Amino acid sequence: MTTSQVAPPLNIVADENIPGLDQWFGDLGSITRVPGRTLTREQLMNADVLLVRSVTEVNEALVARTPVRFVGSCTIGTDHLDTDWLESQGVAWSAAPGCNANSVVEYVFCTLAALDIDWRGRSFGIVGCGNVGGSLQRKLRALGIDCKIYDPWKTDNPDSASLEAVLAQDVICQHAPLVKAGPHPSLHMLNATALERIRPGAVLISAGRGAVIDNRALLALRKREPRFTTVLDVWENEPDIDLNLLQAVDLGSPHIAGYSHDGKLTGTRMVREALDRALELPAAEPADASQAPQAPLSTELSGFAAIRDLLLAMYNPREDDARLRAAASEAENDGVPMKVAFDRLRKQYPKRLEFPHYQLAQAPNLDDATRQQLAILGLK
């Protein structure tokens with residue numbers, strides 16, 4: 001990683017789980033890697049730049065009376081950043097909105113494949129139509145699939161509908177951010193009353209923020225009448241999640257829907273670009289963005305069976321489900337705190353590449369329509 005000029009040396013403190021730190025920030029000075037969840041103010045006493053992920057609460061208690069001039073979160077959300085306080089102190093900040101949107105969309109389709117649910121011909125409802133929800137909406141439209149979206153900030157969307165109408169669809173995808181105040185709070189937006197509106201046989205996939213769904217209400221409903229399929233990637237009280245709820249859902253994962261390697265690197269790049277603008281540094285030269293295909297994929301199947309198996313060959317959410325349940329068992333039987341096990345899964349997450357890295361080599365039984373659907377999903 002080089003710049004057109006020599007940038008002034010900076011002291012950078014960064015979450016150890018951020019990929020591409022040396023590639024994107026190594027030219028700027030020293031990088032000190034720390035565990036993001038246990039980051040302390042004392043570790044920032046010589047820092048010019050703080051780079052975090054969503055597990056670090058960045059507020060006055062952490063940053064006050066430190067030399068930090070820039071805070072960058074290499075993730076899409078900002079509910080862990082006290083942006084009002086940062087701005088009041090003249091501390092520049094940035095997140096990476098949309099960096100992992102495609103990764104989450106791929107998670108949705110792979111989850112349905114893992115459940116052996118043919119989404120073609122089914123209706124979708126999207127709660128929250130920001131970068132992720134909007135990307136999913138565009139993908140569904142390209143596939144010719146009907147969808148309705150609920151987002152009080154996007155009422156001009158041609159697919160806008162009431163929350164009740166969205167919850168009446170066959171597949172409901174929750175991608176809303178966590179908003180606790182203002183005209184449209186999302187905290188427990190999907191409460192007991194809302195969850196009762198989901199039809200029998202439907203699918204609920206939550207990959208936004210955990211507390212948008214009232215987890216206690218969901219657990220009570222699942223115990224009483226598990227009439228719809230439930231997939232949770234996000235949970236209330238992460239990383240100390242409710243193990244009873246984990247046992248009650250059909251698929252669970254440790255907040256990794258957006259954890260593709262591509263998405264992570266994009267977030268790192270976006271924060272570097274924001275840092276250059278904020279501190280008026282020479283613009284960094286772009287990294288190699290090539291998407292070279294990996295080992296080719298083949299299938300002898302046809303129709304949805306081919307789509308299902310090809311998607312699961314690229315990413316199988318059941319592997320994440322198995323790892324999370326094994327971690328929960330370890331927490332219950334071996335005395336390992338669940339919050340420790342949950343964070344370990346995220347820290348040691350396997351490298352997951354997005355669909356464009358793969359190439360369909362042989363598929364003699366695929367018709368043109370199925371090939372087109374695979375191409376829209378991103379398979380080369």
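The following exercises, each with a worked solution, concern the predicted model shown above.

Residues are numbered from 1 along each chain as its sequence is written, and side-chain values use heavy atoms, with hydrogens and water left out. Because the model is predicted, local features need pLDDT of at least 70 and side-chain atom pairs count only at pLDDT 80 or more, whereas totals for chains, interfaces and linings use all residues.

**Exercise 1. Overall form**

Task: Determine how the radius of gyration of the protein compares with that of a compact globule.

Solution.
- Step 1. The radius of gyration is taken over C-alpha atoms, and the globule rule is 2.2 Å times the number of residues to the power 0.38.
- Step 2. For 380 residues the rule gives a value near 21 Å; the protein has 21 Å, which agrees.
- Step 3. The C-alpha trace spans about 55 × 50 × 45 Å along its principal axes.
- Step 4. Of the 380 residues, 54% are buried (buried means under 20% relative accessible area, exposed over 50%, partly exposed in between, with a 1.4 Å probe and protein chains only).
- Step 5. Contact means heavy atoms within 4.5 Å. Among contacts between residues at least 6 apart in sequence, 63% join residues at least 24 apart.
- Step 6. The protein contains 14 helices and 13 strands (DSSP runs numbered from the N terminus: helices H or I of at least four residues, strands E of at least two).

**Exercise 2. The nonpolar cores**

Task: Identify which residues have the most contacts inside the largest nonpolar core, and which elements supply the core.

Solution.
- Step 1. A nonpolar core is a set of buried Ala, Val, Leu, Ile, Met, Phe, Trp, Tyr and Cys residues joined through side-chain atoms within 4.5 Å. In soluble globular proteins, nonpolar side chains tend to be buried together.
- Step 2. The largest such core has 52 residues, and Phe 109, Leu 112, Trp 119, Phe 124 and Leu 311 have the most contacts inside it.
- Step 3. Elements that each supply at least two of its residues include helix H4 (101-114), strand S6 (124-127), helix H5 (131-142) and helix H11 (303-314). H4 gives the most, with ten residues.
- Step 4. Among the residues that Trp 119 touches, not counting those up to four places away in sequence, are Phe 109, Leu 112, Phe 124, Ile 307, Leu 311 and Leu 377.
- Step 5. A second, separate core has 37 residues, including Ile 198, Leu 221, Leu 243 and Ala 248.

**Exercise 3. Helix H4 and the loop after it**

Task: Establish why H4 is described as largely enclosed, and place Arg 120 relative to H4.

Solution.
- Step 1. Of the 14 residues of H4, 13 are buried, so the helix is largely enclosed by the rest of the structure.
- Step 2. From first to last C-alpha, H4 reaches 20 Å, close to the 20 Å expected at 1.5 Å a residue (the expected span is 1.5 Å times one less than the number of residues).
- Step 3. Just after H4, Asp 116 takes a positive phi of about 60°.
- Step 4. Arg 120 lies in the loop between H4 and S6 and is partly exposed, with a relative accessible area of 30%.
- Step 5. Leaving out residues up to four places away in sequence, Arg 120 touches Gly 303, Phe 304, Ile 307, Thr 370 and Gln 373.

**Exercise 4. The annotated binding site**

Task: Decide whether the residues of the UniProt feature "binding site" gather at one spot or lie scattered.

Solution.
- Step 1. The UniProt record (unreviewed entry) places this feature at Ser 54, Thr 75 and Tyr 259. UniProt positions follow the numbering used here, feature names are shortened, and annotations may be inferred rather than shown by experiment.
- Step 2. The three residues span 206 residues in sequence, yet no two of their C-alpha atoms are more than 12.1 Å apart, so they gather at one spot.
- Step 3. Ser 54 is in the loop between strand S3 (49-52) and helix H2 (60-63). Beyond its neighbours within four places in sequence, Ser 54 contacts Thr 75, His 80, Arg 209 and Arg 346.
- Step 4. Thr 75, in the loop between strand S4 (70-73) and helix H3 (83-88), counts as buried at 8% relative accessibility.
- Step 5. His 255 lies in the loop between strand S11 (251-252) and helix H10 (261-278) and is buried, with a relative accessible area of 15%. Among the residues that His 255 touches are Arg 209 and Arg 346.
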